[in-house]
Amino acid sequence: MRTRKSRVDPHQFIAHLLHFRYREVTMTLATLAVFTSSIVFFPGWGNVMKGIQSDVSTELFLLFAVVAIVAGVVKGMIGFGYALITTPIFASVIDPTLAVVVLAIPPWMINMFQIGETKTGISFVRQEWILVLLAIAGSITGVYVLAQYTAGPIVPFLIGVIIFAYVVFQVVQNFVTIEEAHHPVALSTAGFLEGFLLAASNLGPLLPAYFHTFERDTERYIGGLSMVLGIIFTVRILQMALFTDLMTTYRLWLGSVIAVITIVGLLLGTYLRRLEVDEQKFNWFVITLLFVISLNIFRNTIPKLF
């Protein structure tokens, strides 16, 4: 697994920030946005739990925080997995639609942060602009579906099937990778479906699976994926806030609080990614993670379907 070594230099970071370098500005604005929202939209101590549902205890809320941190570590390490981990767990306890809306905020912050942190997002968009446009179209369609229909178990279940099938394929083929291969139709299709699935269910494994197969430069892979996902989540949040009643101020606050908590895991995962990692171990980590995620999705959806 190729990775570009880098060293955190606070003085250089501040100097670049003062000169408005996009890398430092993007990382700072993403972090400040969730910090500010978590303060400005605070509903008062008496209403902290009121907007979720009555049977969510303080202990369960703390468990949500732990899950968010762990998912942040995974996202920082491999570039995806945050929503795949958090959404099935949150949706098994609270209203699935509420979980999908609230959990749009932390991935937005994480992906905007990683766009700057990897420094590869803009160059990726220049090369794959059709992918970005189709991902936006898929996201707009997905938000419309979410606003019109109640979130059910069928979409997460189908996503679980896709993830499980991908795991079996990779294991049987001994982690097949095709470096620097380009399939415009397949990539465009994955982009549109990624936008739709993320908007409708907050679960989008197709594009990460595609990149994991065809892209082995970790920094470019994570930066490019983060750029696409960051744009999708930006469109989602704006559409839910401006054109539907999905994104209330309480949900915006709750999502921002979870995002602030997630920063701890993200920074730890980013540090771990900078270490030398054996490619075979990396492959097994990704596949094992996806396998566990698929089982968790099946655990939450199969009893509701059958």
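Here are a few friendly notes on the enclosed cavities in this predicted model.

1. Let's begin with the overall tally. The model holds four cavities of 30 Å³ or more. The two described below are the largest and the second largest.

2. The largest cavity has a volume of about 140 Å³. Its lining is made up of 15 residues. If you would like to centre your view on this cavity, F80, G81, Y82, A83 and L229 are the lining residues that lie nearest its centre.

3. Which elements give two or more residues to the lining of the largest cavity? They are α4 (82-91), α6 (105-118), α10 (184-201) and α12 (218-243).

4. The chemistry of this lining is mixed. Ten residues around the largest cavity are nonpolar, three are polar and two are charged.

5. Now to the second largest cavity, which contains about 60 Å³ of space. You will find it lined by F80, L84, I162, I163, Y166, P205, P208, A209 and L290. Two elements, α9 (154-172) and α11 (206-214), each give two or more residues to this lining, and α9 provides the largest share, with three residues.

6. What is the make-up of the second lining by class? Nine residues are nonpolar, and there are no polar and no charged ones. For the largest cavity, by comparison, the lining includes three polar and two charged residues.

7. One residue to look at in both places is F80: this residue is among those nearest the centre of the largest cavity, and F80 also lines the second largest cavity.

How values were computed
Residues numbered from 1 in each chain as written. Predicted model: local features only at pLDDT ≥ 70, side-chain atom pairs only at ≥ 80, totals over all residues. Heavy atoms only, no water. 1 Å grid on protein atoms, 1.4 Å probe; cavity = no way out; pocket = protein on both sides within 12 Å on 5 of 7 lines; lining within 4 Å. Points joined across faces, edges and corners; volume = space filled by probe spheres on them. Helix = DSSP H or I, 4+ residues; strand = E, 2+ residues; numbered from the N terminus. Nonpolar A, V, L, I, M, F, W, Y, C, P; charged D, E, K, R; others polar.
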